[in-house]
Amino acid sequence: MSNIVKPRILITGATGQVGGKTIDFLLSNTSIEIVAAVRTAKKAVPFTNKGIETVILDFDDESTHIPAFRNIDRVFIITGYTVDMLRQSKALLDNAKKAGVKHIVHLCACGPDDTTIGHWAWHQFVERYIEWSGFSFTHLRPQDFMQNLLSYGGKKVIADGVLHHYVSDARLSWVDVDNVAEVAALTLAFPELHAGKTYRLGYDAKNFSEIAALMTSIIGKPFRYNPLSPDVFLQSMIDSGAEMAYMGCVYDHWKRYAAGTIPGADSTFENFHEITGKQPTKWIDFIEKHKTELEY
């Protein structure tokens, strides 16, 4: 009878797109055990049906932290889109340390170390706290998600072939969520290869007019870009009751993208093949993969 104890990996944000896809990439790895963190017993059901262990973890209820971290070796931390991410991350990390967690993979935000974009900088404060706390770590800094053109904030971005966004003709750096999740899965499964690394994840730079032209050529129907004022975004966030400390930062960065005042906004990186042995998704691949969703 084997006495081998497999490393146990806790995935926060398991019901979201990055966390869920990370679990999918990890499922075939028989050398580790996956644990999905959920807020309620109801949210645990889809994981239990797949034979995935779950624990209750509420970022805002510290009494759930240490029980969730019990016998966990590695944690993937994905926080929500509010300024509370700072307080929540500190509490999670403090309790993970008490529980004996060794390795943290943190889903951060894009930007270089000297960024002055508010919510990007908040994520970097969390990075520094992870390091200060003495964990083995890997920081993931994805650029703009390609999936944001399928929907953003629960709303369709493309309607009848018209792309709407708030960045004028700025070129952005883009990454497929699947690529982010695959990198996350590998850094969790093999921390010895990725400890101490910060991976910036962005592999194709395009503006919205260029993306619309690609969609037109691949799907065979006309697509065009209609730039909107960032003020439209701001008002929609106010009207929806969004947490404005965070969304005010998002509004500011849309304005700065549009004005061309974010250095390296269209920077791309060459690390995906090194990490995964594969080529990253480019826009042409993404559009082909999602043709059905983009049809109108």
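Cys-108 is buried, its relative accessible area being 7%. This residue belongs to a predicted model, in which zero disulfides are present. The briefing below treats the cysteines and then helix α8, which spans residues 208-219.

**Cysteines**

- Cys-108 takes part in no disulfide, and the nearest cysteine sulfur, which belongs to Cys-110, lies 11 Å away.
- Cys-110 is likewise in no disulfide; for this residue the nearest cysteine sulfur is that of Cys-108, at 11 Å.
- A pair of cysteine sulfur atoms must lie within 2.5 Å to count as a disulfide, so the 11 Å between the sulfurs of Cys-108 and Cys-110 does not qualify.
- Cys-110 also counts as buried, with a relative accessibility of 6%.

**Helix α8: length and buried side**

- Helix α8 is made up of twelve residues.
- From its first C-alpha to its last, α8 reaches 16 Å, which is close to the 16 Å expected at 1.5 Å a residue.
- The buried residues in α8 include Phe-208, Ile-211 and Ala-212, together with Met-215, Ile-218 and Ile-219.
- These residues lie on the same side of α8 because they cover an arc of only 135 degrees around the axis.

**Helix α8: its two ends**

- At the N-terminal end, α8 is capped by Asn-207.
- In this cap, a side-chain oxygen of Asn-207 is 3.2 Å from the backbone nitrogen of Ser-209.
- Gly-220, just after α8, adopts a positive phi of about 85 degrees.

Key
Residues numbered from 1 in each chain as written. Predicted model: local features only at pLDDT ≥ 70, side-chain atom pairs only at ≥ 80, totals over all residues. Heavy atoms only, no water. Helix = DSSP H or I, 4+ residues; strand = E, 2+ residues; numbered from the N terminus. Expected span 1.5 Å × (residues − 1). Buried < 20%, exposed > 50% of the residue type's maximum accessible area, 1.4 Å probe, protein only. Arc of directions from axis to C-beta. Polar contact = N/O pair within 3.5 Å; in protein donor to acceptor, adjacent residues only side chain to side chain.
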